[in-house]
Amino acid sequence: MTEAPEKVAARWIQEINLAEQDCEMWWRSGDVVIRRYKNTDRNGKGGANAALSPQRRYAILWSNVQTLGPAIYAKKPIPVVSRRFKDEDPVGKVASEVLERCLLYSLDAYDFDGRMTEVRQDYLLPGRGQLWVRYVPHMKAVNADQDVELGEGQADEDGENVGASPVQEVAHEAGEPVQVNEEVEYEEVLCDHVAWKDWLTNPCREWADVRWVSRRGYMTRAELVERFGEEIGKEVPLDSANKGDDKEKDDPDSKFQKACVYEIWDKASRKAYWINKGLTGKALDVREDPLGLSGFFPCPPPLNATTAQDSSLPIPDYVFYQDQAEELDELTARIGKLQDALRMVGFYAGEQKTALNRVFAPGNENKLIPIDTWDAFKESGGIRGLIEWVPVDMVMMTLKGCYEARQQVITDIYQITGISDIIRGESDPNSTATAERLKGQWGSLRVRDRQKDVQKFARDAIRIKGEIIAEHFSIETMRAISGVKLLTAQEKQELQMMMQIAQQAEQAGVPVPEGLIDQSQVALMEQPTWDEVKALLTDDKLRSFRIDIETDSTIEPDENAAKMAFVEFVGAFSQLMTVASQIIPAAPYTAPVFKEMAKQSTRVFDVSREMEDAIDKAFDTAEQQPPVQPAGPPMPPPPSPLDEAKAQAEMMKAQNEQQRTQMDGMIAQADAQLGQAQIGLKQQELQLKALAIARDPEPQGTA
């Protein structure tokens, strides 16, 4: 059911009043802190007259803020957009690169660092800092039939087009009306710093209970008419004025008069309202979910100082050492008064006025002063008997005690705030390096939590900017900002058709016209298209599943530590590449293993993604190369003198063994020849016996 306009306005005015009542005590406390930081309660005397001020103070709050500021936020964060899971995802890889480049440009072009510095100041003083992200499209009117640019539209502060409908009628030169369309010419994502009193929400205990957020702004009559139209713009009462413009308050149309406008984003209804308390009958404007963010709110959770469990309102840091700061001011004022009393003041005898004046008169150094009544002068105790000095030594002792007491109070404040000597850049020359290192570690623990809070706040704001860029920026804007070279789906289809025509012409023997196909576009055929990238970035779920947005550190790095880390990385990476260059040429299948090892080392040392891309290209190229066959057996390493001696001994041993073997063979051969000779002689002996028997066959008898 649609709520009546007057009820809408009345409801939100009541919500705003309740929220302001809830913040009233915190606002008063914040005002005290701001006045103390600015030291506005002094009597206005400065320079040489500052010592005459009855309100001498010790600027401990200013000192603490100036010390903690650079310690918790010192440099602009750099967005790091990457694939959530490091698997093969070409579309996710290109989409993350496009989104990161767009964010980098947005942070540089629109002074995100300046906004964060203002947030840091609000965080350290009243206790809360906040940013508000806006989407601003710049529109232009284009003729629907002839596609002729006719003009430029306008965008309001929340990014919606104002004053011109998407389709307008404009007069043609001949007088007849023609239909005119509007299209986006350029897009921006801006971050506004919201003053600590201008950001409101419903009273709650934690961010999860926040139902709506609001920021308060002030608009002149011209701005009201431009933003809400002439009818409503002239109806809004101008109820606020800048400081020092009292003489213009009676003029309702003065340029110094402004109207207080509340921009409210209600998460329950997912609507945005613009309300003015003086116009109770209706809302200035109501819009349905202007940005379509997943978290709905165009701002991150506020950067709060200390909070309690019963309220989300912050407690300024100064509250916790306010008593010690006031005690420090009292001691400083007392020291000033004692310093005023620290002067040479005395009393002297009037009858010796002339002589004493001559003593202290300028130009009487190293001169003797004559005394007419010397006997009386000597009897009275000389110069000591004529002058009595005020006891300045008592003032000196009291002043010394005040200085010691003040130093103790300062130490107590540093104990409360956790600001160590290391953070303030001071050290004890007699302290050891180990003691200084331990003090630095413990002294930075509480500051480290604040650094994480600031970095998380910056990351949340950048994520909102990234979501707006992903969902609202056109392909043309992303292409112009990022400079990434990709084809659209239509361009890819047209190129495929041209390549088919060229192939058919070559087959038919018809010469292909030179320049028919852009070779630079052919190289992009394997890359994802802009349409695929845009589809991934537009889908909330897919984008959150596959792409992660983080930031680097927002504190100033240690230069020596960074140099040592870089040297360590170069050494480790060089060793890895040396081993890879020896193994991969012979075994290209090992390239993926070395590639993952190299990429893991870059992640450990926090190296840029460009380095990872270069590693991918190098190892992918190496993997595609054919294996290199070895030309011959590997050359053995040169032997050592000991190895050479052993080798010579072995060689001599082998030679001796060979000679012994040869001698044994010769002896065996001689034995064999001797045996054969003996056999031959035996055979000859047998033959002779046989011949003898043949000649005398009958044996002779005995007589």
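Me: Why is R543 called buried?
Reply: Buried means under 20% relative accessible area, exposed over 50%, and partly exposed in between, using a 1.4 Å probe and protein chains only. R543 comes in at 10%, so it counts as buried. Keep in mind that this is a predicted model, where local features need pLDDT of at least 70, side-chain atom pairs count only at pLDDT 80 or more, and totals for chains, interfaces and linings use all residues. Side-chain values use heavy atoms, with hydrogens and water left out, and residues are numbered from 1 along each chain as its sequence is written.

Me: What makes D540 and R543 a salt bridge?
Reply: For that you want a side-chain nitrogen of Lys or Arg within 4 Å of a carboxyl oxygen of Asp or Glu. Here the closest N and O atoms are 2.8 Å apart, and that fits. Both sit in helix α18 (residues 540-546), 3 residues apart, so about one helical turn separates them. Helices here are DSSP runs of H or I with at least four residues, strands are E runs of at least two, and the numbering goes from the N terminus.

Me: And why is D540 called partly exposed?
Reply: Its relative accessibility is 30%, so D540 lands in the in-between range.

Me: How do you know that K277 and E20 form a salt bridge?
Reply: Their side chains meet at 2.8 Å, N to O, which is within the 4 Å limit. This pair links distant parts of the chain: E20 is in helix α1 (residues 5-38), while K277 is in the loop between β12 (271-275) and β13 (285-288), 257 residues apart.

Me: Which of these is buried or partly exposed, K277 or E20?
Reply: E20 has 14%, so it's buried. K277 has 27%, so that one is partly exposed.

Me: What about K271 and E288, why does that pair count as a salt bridge?
Reply: The gap is 3.5 Å, N to O, and the limit is 4 Å, so it qualifies. K271 lies in strand β12 and E288 in strand β13, so the pair ties together parts 17 residues apart in sequence.

Me: Why is E288 called exposed?
Reply: Its relative accessibility is 56%, and the bar is over 50%, so exposed it is. K271, at 26%, is partly exposed.

Me: What is notable about the phi of R270?
Reply: R270 has a positive phi of about 50° although it isn't a glycine. Most residues other than glycine have a negative phi. You'll find R270 in the loop between β11 (257-266) and β12.
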